[in-house]
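Biologist: I am new to this structure. Could you show me how to read some of its features?
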Amino acid sequence: MQRSTIDNPPFIAMPELDLPQRQSPDALMLTGFWYRALSADRVHRKRLHPALLLEIPLVIGRDTQGRPFALRDACPHRGMPLNCGRFDGENLECGYHGWQFDVHNGQCQHIPSLTPDQKLTVDRIYAGSYPCEEQDDFIWVYIPDPGPPGAGFGPPAAAPVPAPTIEKFSNHYKLAHLQAEMPVSIDHGIIGLMDPAHGPFVHQAWWWRSRHSIHEKQKHFEPIPNGFRMTAHTPSSNSAPYKLLRLYAEADSITTTIDFVLPNIRTETIRAGKYWFSSLTTVTPITRRQCRIDVVAAWNLFRWIPFAPGLLKFVFGKFVEQDRRTMQLQAEGLKHNPHLMLIDDADRPAKWYFQLKAAHLEAKRTGSSMQHPMSGPVTLKWRS
Ligand code: FES
Ligand SMILES: [Fe+2]
């Protein structure tokens with residue numbers, strides 16, 4: 001992954017009287033993680049769907065049993081996109097010279113041009129293949145670190161951990177998802193997601209809040225592996241599910257936890273007695289200039305009100321659309337690579353994100369364990 005000044009605008013941190021620090025991460029897109037590729041309801045049996053993840057073209061599908069798979073969308077023979085081939089539910093046949101591949105490990109099964117006396121070992125040829133799992137309405141694909149040149153003549157290495165799942169606290173629950181594409185880099189997508197100060201300006205609605213509802217807030221953060229957590233036990237939260245949960249429980253019995261972990265995952269868990277709401281939001285790098293936000297929520301509230309899931313989806317849909325529109329405008333401003341700044345305390349989570357990313361890359365480079373940028377719990381204050 002190389003640096004690019006266009007896509008990697010220099011962030012200047014503005015601590016009290018420190019010299020401005022550059023906050024540009026070394027790589028925009030982190031490999032070695034699971035990413036959401038497509039929503040599961042868009043991937044059909046015996047059909048092929050092209051998808052782009054971290055600028056890697058993929059072809060995604062399901063076999064006859066419904067099991068998902070992900071291959072690199074380029075034939076290892078002469079690069080024909082495999083999504084233009086034929087798929088019988090088991091093997092994928094390239095549309096150019098008819099080579100056939102097992103969709104789950106990419107192994108070549110047949111090369112039609114070979115004569116019986118030609119001894120090419122067909123099964124030593126592989127199309128690029130990626131670990132692939134279906135989880136909470138999404139097809140997840142594991143993008144490994146780039147291998148040494150010449151690698152790829154083998155089955156995919158297994159992912160070191162399973163794909164992330166939403167935490168659920170009862171057997172019966174509802175699940176819904178939303179997505180929106182943003183014409184900004186993964187970094188802007190993520191810091192926009194964790195930014196607490198834009199709420200009163202971007203997420204105004206008569207039924208929600210206005211800029212006049214701004215007030216001072218104080219939140220507690222602590223380091224967790226690969227990320228940080230905001231813990232709260234407070235009636236002052238403005239979050240959407242929180243307001244809805246207050247219909248069910250006393251404000252001070254409600255607990256909220258919001259985690260961010262590399263590379264791109266924000267989870268929010270709200271509990272009020274036996275009721276709970278849980279969401280897992282990801283910002284997925286599609287290209288260096290484009291990302292996609294996927295929100296999946298699970299909850300056991302309002303199961304008896306027929307329109308409640310629709311209502312929740314409406315509220316979230318509004319928020320996501322407001323963020324999308326804002327980032328679309330922001331992308332105009334970013335086109336000419338302006339200097340930017342991050343201020344305390346409202347942008348501290350954004351600074352942690354850049355520091356976590358840098359620490360992760362440094363640990364990878366040196367092979368040592370990651371030095372977490374936070375040394376302990378921190379309380380942040382801002383008005384929003
Ligand atoms: S390019 Fe795919 S079989 Fe030749
Ligand atoms: Fe937002």
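Modeller: Gladly! Buried means under 20% relative accessible area, exposed over 50%, and partly exposed in between, with a 1.4 Å probe and protein chains only. Here, both H198 and H203 are buried. This is a predicted model, where local features need pLDDT of at least 70, side-chain atom pairs count only at pLDDT 80 or more, and totals for chains, interfaces and linings use all residues. Residues are numbered from 1 along each chain as its sequence is written, chains are lettered from A and ligands numbered from 1 in the order in which they are written, and side-chain values use heavy atoms, with hydrogens and water left out.

Biologist: Which atoms coordinate the iron ion (ligand 2)?

Modeller: Donors are N, O and S atoms within 2.8 Å of the metal (3.2 Å for Na, K and Ca); water is not among the atoms, so sites may look incomplete. The iron ion (ligand 2) has H198 (NE2), H203 (NE2), D323 (OD) and D323 (OD) around it, at 2.1 to 2.5 Å. Along the sequence, the spacing of these donor residues is H-x4-H-x119-D.

Biologist: Why is the arrangement of the four donor atoms around the iron ion (ligand 2) irregular?

Modeller: Four donors count as tetrahedral if all angles lie between 85 and 135 degrees, and as square planar if opposite donors are over 155 degrees apart and all others between 65 and 115; anything else is irregular. Around the iron ion (ligand 2) the four donor atoms subtend angles of 56 to 147°, so the arrangement is irregular.

Definitions and conventions: Four donors count as tetrahedral if all angles lie between 85 and 135 degrees; four count as square planar and six as octahedral if opposite donors are over 155 degrees apart and all others between 65 and 115; anything else is irregular.
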